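User: I am new to this structure and should be grateful for a close look at a single part of it. Please describe the open sheet and its surroundings in one connected account.

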Amino acid sequence: ELAKSFNDMTRKLSETQRQLYQSDKLASIGSLAAGVAHEINNPLTGVLTYSSFLLKRADDQPELKEDLEVVVRETKRCRDIVKGLLDFARQSQPEKRPAAINDIIGQAVRIVQNQLSINHIHVEQCLQEHVPPVSVDVNQIQQVLVNLLLNANDAIDDKGGAITISTALIRNRVPRAANPAAAKDSVQIKISDTGAGIPSENLQKIFEPFFTTKGQKGTGLGL
């Protein structure tokens, strides 16, 4: 039994070491991608500036104006994607502040929208209006949302599918006098997808760092 236990421990340590190495490699790739995104931002600004300038001079040329409007619109979209990547990659100290959950969700979806579109995955946002601000660390919540969206992307097969994100204000009916902490209202985020789902035997492991069923491709749910 001692030998078996020692072998299990050695195997787990070896697996953890491999996962840490993969995580470190992904962090390096992330830093490189952030640098590339920053460099792309400069020529994008030039394209947007000159195309906007030409657009103002094309009032008497409808066909040219229409083409330039497409260039300006798509360049702005690229700029927003790059800005989202840079904001997401920027290191910051954890800091809670009042923030709009619906806005955080929208930004997270924009970051991964292109990757989801390639796999023919539609994102449906059922966001309740007038949800009050909540005190959160925006970067951390956004990171969790991005991780869940990417995992949903991996779980859905090549034929495509859908991811549904919803928010709701949950009114707590517990009397404040009985339990002041539990009497607070809360904001709920629900994410579901049409993928295979997580096997019941793995549900208790979803918060374990690096636990994955995707072999070399995965690093865990990131929760």
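Analyst: A strand, as the word is used here, is a DSSP run of E of at least two residues, and strands are numbered from the N terminus. The model under discussion is a predicted one.

The sheet is open and consists of three strands in the order 2-4-5, with mixed pairing. Its edges are formed by strand 2 and strand 5 (186-193), each of which pairs on one side only. From one strand to the next, the twist averages 10°. In general terms, the strands of a sheet pair through backbone hydrogen bonds, and the pairing is either parallel or antiparallel. Strand 4 (residues 161-170) and strand 5 run antiparallel and are joined by eight bridges. Within this pairing, Thr 164 stands opposite Ser 192 in strand 5.

Attention may now turn to the edge formed by strand 2 and to the loops beside it. Helix 3 (101-118) and strand 2 (121-127) are connected by a loop that contains His 120. This histidine has a positive phi of about 60° although it is not a glycine. Most residues other than glycine have a negative phi. His 120 counts as exposed because its relative accessibility is 56%, and the cut-off for that class is over 50%.

A second histidine is found in the loop between strand 2 and strand 3 (134-136), namely His 130. For His 130, too, phi is positive, at about 60°, although the residue is not a glycine. With a relative accessibility of 74%, His 130 is likewise classed as exposed.

The cysteines provide a further point of interest. Cys 126 has a relative accessible area of 35% and is therefore partly exposed. Elsewhere in the chain, Cys 78 is also partly exposed, because its relative accessibility is 37%. A disulfide is a covalent bond between the sulfur atoms of two cysteines. How many disulfides does a search of the whole structure find? The search finds zero.

For context beyond the sheet, one feature of the surface may be added. Phe 6, Met 9 and Leu 13 make a nonpolar surface patch of about 330 Å². Of these residues, Phe 6 lies in helix 1 (residues 2-56). Phe 6 is counted as exposed because its relative accessibility is 52%.

To return to the sheet itself, strand 2 and strand 5 are its edge strands, and the order of its three strands is 2-4-5.

Conventions:
Residues numbered from 1 in each chain as written. Predicted model: local features only at pLDDT ≥ 70, side-chain atom pairs only at ≥ 80, totals over all residues. Heavy atoms only, no water. Disulfide = S-S within 2.5 Å. Buried < 20%, exposed > 50% of the residue type's maximum accessible area, 1.4 Å probe, protein only. Helix = DSSP H or I, 4+ residues; strand = E, 2+ residues; numbered from the N terminus. Patch = residues over 30% accessible without salt bridge, like charges linked within 9 Å, V, L, I, M, F, W, Y side chains within 5 Å. Areas by Shrake-Rupley, 256 points an atom, 1.4 Å probe, with all protein chains shown as cover. Salt bridge = Lys/Arg side-chain N within 4 Å of Asp/Glu carboxyl O. Pairing = 2+ DSSP bridges. Axes fitted to C-alpha atoms, helices over the stretch in contact; angles between N-to-C directions.
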